[in-house]
Every structure is written in C-alpha cells, then in structure tokens.
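Dear colleague,

I am passing on the structure below, and after it you will find my notes on the empty space in it and on one patch of its surface. Please read them with the coordinates open.

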Amino acid sequence: MADPARDTQPPADAADGFVPPVSLADFAALARAVLPPDVWDFVDGGSGAETALAANRAALDRVAVLPRMLAGVDDPSTEAALPGGRAALPVAVAPMAYQRLLHPDGEPALAAAARAAGVPYVASTLASTPIEEIAATGATVWFQLYWLRDRALVADLLDRASAAGCAAVMVTVDVPVLGRRLRDARNGFALPPHVTAANLPGGRDDLAHQGTPGVSAVAVHTGAVFAPALSWADLEWLRERTRVPLLVKGILDVRDAVRAADAGVDAVVVSNHGGRQLDAAPASAAVLPEVVEAVDRRCAVLLDSGVRGGVDVLRALALGADGVLLGRPLLWALAAGGRAGAEAALALLAAELRDALILSGCPDPASARRLRTRIGG
C-alpha cells in the first residue's frame, strides 16, 4: 500500500551525470531505476488485464511502410501543420497528469523542452503546476480539459486557459469514470503531499491523497469530480465558447469521428487513452485509417497511444494521420533527466523521424501521408 505521507518525489539531482540513450524507448529503463515502484506503475500501467495497452504496441509493430526509392531526398524537413499553426515536428506532447511525481520541476520542465523542440505542449487539467506557470515557459500550450461535475469550474478553467494564451483546447471524452487500473489498486496508490491538482481549487483533490489498501485514491478523486454524463450537447456548448482550435481526444468509432467533424471540431485524436480506459478497446493505430477516411479532411486527425519513436511517427503519417501525441517516453525522460532529459528525448525523436523520412524517400511529413502500408509485414 502507498503511504500518502511518504515523499515519493524523485531526487532533484536526477539529471546529474545524465547521458542520453540511443533510442527513445531506452528512457524507460532509466526512469524505472529512479522512480518509486508505485509511481512507475502509475505511469506505465494500463487498465484491467492491460490488453489494450499491449495492443497499441502490437498494432504499430504490424504496420510495414513501403519506402519509395530514387527519391533524391537527403535533407528532409520535419515541419508539419498542426491545429493552430506549424510545428517543428508532427508531434505534440500528450496531456499527462501530475508530472511532479516524476521530477520536482514537473510540467514547466517538460513544457520548456517542448518549446526548445518547437512542438506544442498539452497541459492537463490535472497538472501539478498551474496553467499560468506552464504557459509562462513560452511554450505553445494547448489546454486539455476533463469535463467536471461543476460547470462553473469548467468555465473558469477555460477562461484561465484563454487568459494564459493557450493556443488550443483539447477535450478528453473517454473518461466518464477512470478505468480500473489494477496496479494502482494493488499498490493502494495515493498522491504524496507535494503533488496536487494545481488547477483545481484548494481541497478539491483531498481524496487523491488518502491512501486505502486495495484502492486507487486517484480513481476515487476523479470519480468525485469528473462528470460521467458528458454529451454531444456539452461539446456543442464548448465549441460555441471556444475561439481557438478545438480538439476531441478519445475517438475510436468512425461514427463519433464523423459527428465530431459535423460539430465543427478542428481535430479528432484517435486514442484509447494509452490503454488506460476500456481494456476491450481496439488499438488506436488499428482504427486510424478508418477514421481518416470517414472525416475526409474535414478536420485534422492525430494519433495517440503507443507511439515510441520516429518510426512510429512515420507509421502514423503513412496511415493518414496529420501528427501524433507522444506521452510515456517523455515522462520517462523527465524522470531520468529533468528538462535536460526531455530535451534529449525530443531531439532524439527528431533525429529518428528525419532518418525515417530519408529511408522512406519522403522530403517532408506531408509526403509521408502518401506512402503505402502493409499490415502484418
């Protein structure tokens, strides 16, 4: 059982002597070596039997890309159009809660790394740093919204995001309740005192700090504050209220993708929440081509869940995505080396993508969307 009074904060000198690995996936071992076991499980785990978690990786591994030869490409551009503008990579940092669990510098460190890499940073409603401090890093910040029972608090969060200069709003629609994350329940996981839901009013996250054997305190907290009955009418309200690009994250069924496009969203994010919600959900990459075809360019399509490197970004582009969200590898890098680790991870991702573009004969990410794929090798 996790002791809520125990300080699970990784050492502030985690970056001392940091040597970047040669693969983005290698950051996982570095992170595991410095994180408390229950924090590692909180980040690494999925829901239920973790079937959907495993499916994400398996689905991407099954995507073979047919490279084009004699294309004359030796210095490809990695720039791409994303909602709200262009980015140095077809990548945004995925929204991830409570980043001070991984490193004392938390969200500002990862946002600063995103700024250095020229990619958007998506700040979570459940960030452990206020949205205003994250935006102060100068990164291009998108605000991720969880729908809360308190509509006035939702409106306040949107106003704060707007005042902070957030360039887009991303509403997550696949968490009416938190998935049954068995590792957290077995660990009796609770947030340590120094990690709070900094965007919520004081006291709104008290339940997340109350450890109980066999229970995830984070799940108890979200059950108390999240609204389970989010509807299309709520999305329409959000669309009317939001003046910046609006993205909907958690889409898997093409019928929902089409309806979101009909509602005027700027992008749908094909995602099974990293395998952390419905354990019977398909791998995000497996349904991506169907969603791309269904929305027919009426909105952008991004892929989330399972992306682990530059080759995966190429795979997503070849399947029709406009870009990807990158999550766990950047938390691993943050844990291993703070801001320096995150910057190294994003630089490595850029190098991996550049090599993948050269090897596939593509001068830029847009041309990679015209590549052909085979499923299963």
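**Pockets, cavity and a surface patch**

The second largest pocket has a volume of about 220 Å³, and I begin there, with the reminder that this is a predicted model. Its lining is made up of 14 residues, and those nearest the centre of the pocket are Gly179, Arg180, Arg181, Ser216 and Ala219. Two helices, H7 (182–187) and H8 (217–225), each contribute at least two residues to this lining. Sorted by class, the lining of the second largest pocket holds six nonpolar, five polar and three charged residues.

The largest pocket encloses about 400 Å³ of space. It is lined by 22 residues, among which Val173, Asp174, Gly250, Ile251 and Asp256 are the closest to its centre. Helix H9 (232–241) and strand S8 (246–251) each provide at least two residues of the lining of this pocket, and it is H9 that gives the most, with four residues. The lining of the largest pocket comprises twelve nonpolar, six polar and four charged residues.

Turning from open to enclosed space, the count comes to one cavity of 30 Å³ or more, and the volume of the largest cavity is about 510 Å³. Of the 31 residues in its lining, Pro95, Met96, Ala97, His273 and Arg276 are the closest to the centre. Several elements each supply at least two residues of this lining, namely helix H2 (37–44), strand S6 (141–146), H8, strand S11 (323–326) and helix H13 (328–359). Helix H8 is thus named for the lining of the largest cavity and also for that of the second largest pocket. By class, the residues around the largest cavity divide into 16 nonpolar, nine polar and six charged.

On the surface, Leu207, Val215 and Val220 form a nonpolar patch, and together these three residues have about 180 Å² of accessible area. Val215 sits in the loop between H7 and H8, the two helices that each supply at least two residues to the lining of the second largest pocket. Is Val215 buried, partly exposed or exposed? With a relative accessible area of 30%, Val215 is classed as partly exposed, because that class covers what falls between the limits of under 20% for buried and over 50% for exposed.

With best regards

How values were computed: Residues are numbered from 1 along each chain as its sequence is written. This is a predicted model: local features need pLDDT of at least 70, side-chain atom pairs count only at pLDDT 80 or more; totals for chains, interfaces and linings use all residues. Side-chain values use heavy atoms; hydrogens and water are left out. On a 1 Å grid over the protein atoms alone, a cavity is a set of points where a 1.4 Å probe fits but cannot get out, and a pocket is an open set with protein on both sides within 12 Å along at least five of seven lines; lining residues have an atom within 4 Å of a point. Grid points are joined across faces, edges and corners, and a volume is the space filled by probe spheres set on the points. Ala, Val, Leu, Ile, Met, Phe, Trp, Tyr, Cys and Pro count as nonpolar, Asp, Glu, Lys and Arg as charged, and the others, Gly among them, as polar. Patches are made of residues with over 30% relative accessible area and no salt bridge: like charges are joined within 9 Å, nonpolar side chains (Val, Leu, Ile, Met, Phe, Trp, Tyr) within 5 Å. Accessible areas come from the Shrake-Rupley method with a 1.4 Å probe; for residues, only the protein chains shown count as cover. A salt bridge is a side-chain nitrogen of Lys or Arg within 4 Å of a carboxyl oxygen of Asp or Glu. Buried means under 20% relative accessible area, exposed over 50%, partly exposed in between (1.4 Å probe, protein chains only).
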